[in-house]
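Welcome! Here is a short tour for anyone meeting this structure for the first time. Take a look at the sequence and the model below, then read on.

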Amino acid sequence: MTERELHPSVAQRIVIKFLTNEGVKPSEISTRLQAQFGDTTLSQNRVYTWAREFRVGRERVENESHGRRPRSSLTDDNISAVRQLIEGDRRLTVQEISSEIGISYGSIQSAITDHLGIRKICARWVPRLLTGNQKQVRSEIAGRLL
């Protein structure tokens, strides 16, 4: 095992696998997990399902990969396109950016706030954090005004 923190559900599956291999009944496993993990415990149905999976020979405690479609709207190219549009015109709205790039409103909003770290103030997009140079300039201006 590495030193990284395990997700609680994966840690519980490891315990389920160990106790199932020891011959402990799923009801007892569920009770022990409830005592150990409290509110984050897997449901009794999930405990029974995982115990059955391990009894029939499953070895992996991680979820199997699935055939869902991957997220395709928040790619690096789309995020850089959003950045370029905002840098070109800071008065653009999320709706205008969305129609320009062809991505949903929510994806554009996520790209702006989560990935680019920008927020809207008085109809203009501004960075959330000032750079060191911007802080210095503002400090000098404030000093001159006092």
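Accessible areas here come from the Shrake-Rupley method with a 1.4 Å probe. On that basis the protein chain exposes about 10800 Å², and carbon and sulfur atoms supply 49% of it. Please keep in mind that this is a predicted model.

**Overall build**

- The protein chain has seven helices and two strands.
- If you walk along the sequence, you meet these elements in the pattern α-α-α-α-α-α-β-β-α.
- The protein chain is more spread out than a compact globule, because its radius of gyration is 25 Å, well over the 15 Å that the globule rule gives for 146 residues.
- Along the principal axes, the C-alpha atoms of the protein chain fill a box of roughly 75 × 40 × 25 Å.

**Burial, contacts and charges**

- Of the 146 residues in the protein chain, 27% count as buried.
- Among contacts in the protein chain with a separation of 6 or more, 50% are between residues 24 or more positions apart.
- The protein chain carries 23 positive and 17 negative charges, and the mean positions of the two sets are 4 Å apart.

**Two nonpolar cores**

- Which residues touch the most other members of the largest nonpolar core? Out of its 14 residues, they are Val82, Ile86, Ile97, Ile108, Ile112, Ile118 and Trp125.
- At least two residues of this core come from each of helix 4 (76-88), helix 5 (94-101) and helix 6 (105-115).
- A second, separate core has eleven residues, including Ile16, Ile29, Leu33 and Phe54.
- Isoleucine 97 is a good residue to look up on the model: leaving out residues up to four places away in sequence, isoleucine 97 touches Val82, Leu85, Ile86, Leu92, Ile108, Ile112 and Trp125.

**Two buried residues to find**

- Serine 9 has its place in helix 1 (residues 8-21).
- With a relative accessible area of 13%, serine 9 is under the 20% cut-off, so serine 9 is buried.
- Serine 9 and valine 61 are 52 residues apart in sequence, and their C-alpha atoms are 9.3 Å apart in space.
- Leucine 116 sits in the loop between helix 6 and strand 1 (118-121).
- Is leucine 116 buried or exposed? Leucine 116 counts as buried, because its relative accessibility is 15%.
- Apart from neighbours within four places in sequence, leucine 116 is in contact with Ile79, Val82, Arg83 and Ala111.
- From leucine 116 to arginine 58 there are 58 residues in sequence and 42 Å in space, C-alpha to C-alpha.

**Two exposed residues to find**

- Glycine 88 lies in helix 4.
- Its relative accessibility is 67%, so glycine 88 counts as exposed.
- Glycine 88 and alanine 11 are 77 residues apart in sequence and 48 Å apart in space, C-alpha to C-alpha.
- Leucine 145 belongs to helix 7 (residues 132-145).
- Leucine 145 counts as exposed, because its relative accessibility is 71%.
- How many residues apart in sequence are leucine 145 and asparagine 63? They are 82 residues apart in sequence, with 61 Å between their C-alpha atoms in space.

Key. Residues numbered from 1 in each chain as written. Predicted model: local features only at pLDDT ≥ 70, side-chain atom pairs only at ≥ 80, totals over all residues. Heavy atoms only, no water. Helix = DSSP H or I, 4+ residues; strand = E, 2+ residues; numbered from the N terminus. Rg over C-alpha atoms; globule rule 2.2 N^0.38 Å. Buried < 20%, exposed > 50% of the residue type's maximum accessible area, 1.4 Å probe, protein only. Contact = heavy atoms within 4.5 Å. Lys, Arg positive; Asp, Glu negative; His and termini not counted. Charge placed at Lys NZ, Arg CZ, Asp CG, Glu CD. Core = buried A, V, L, I, M, F, W, Y, C linked by side-chain atoms within 4.5 Å.
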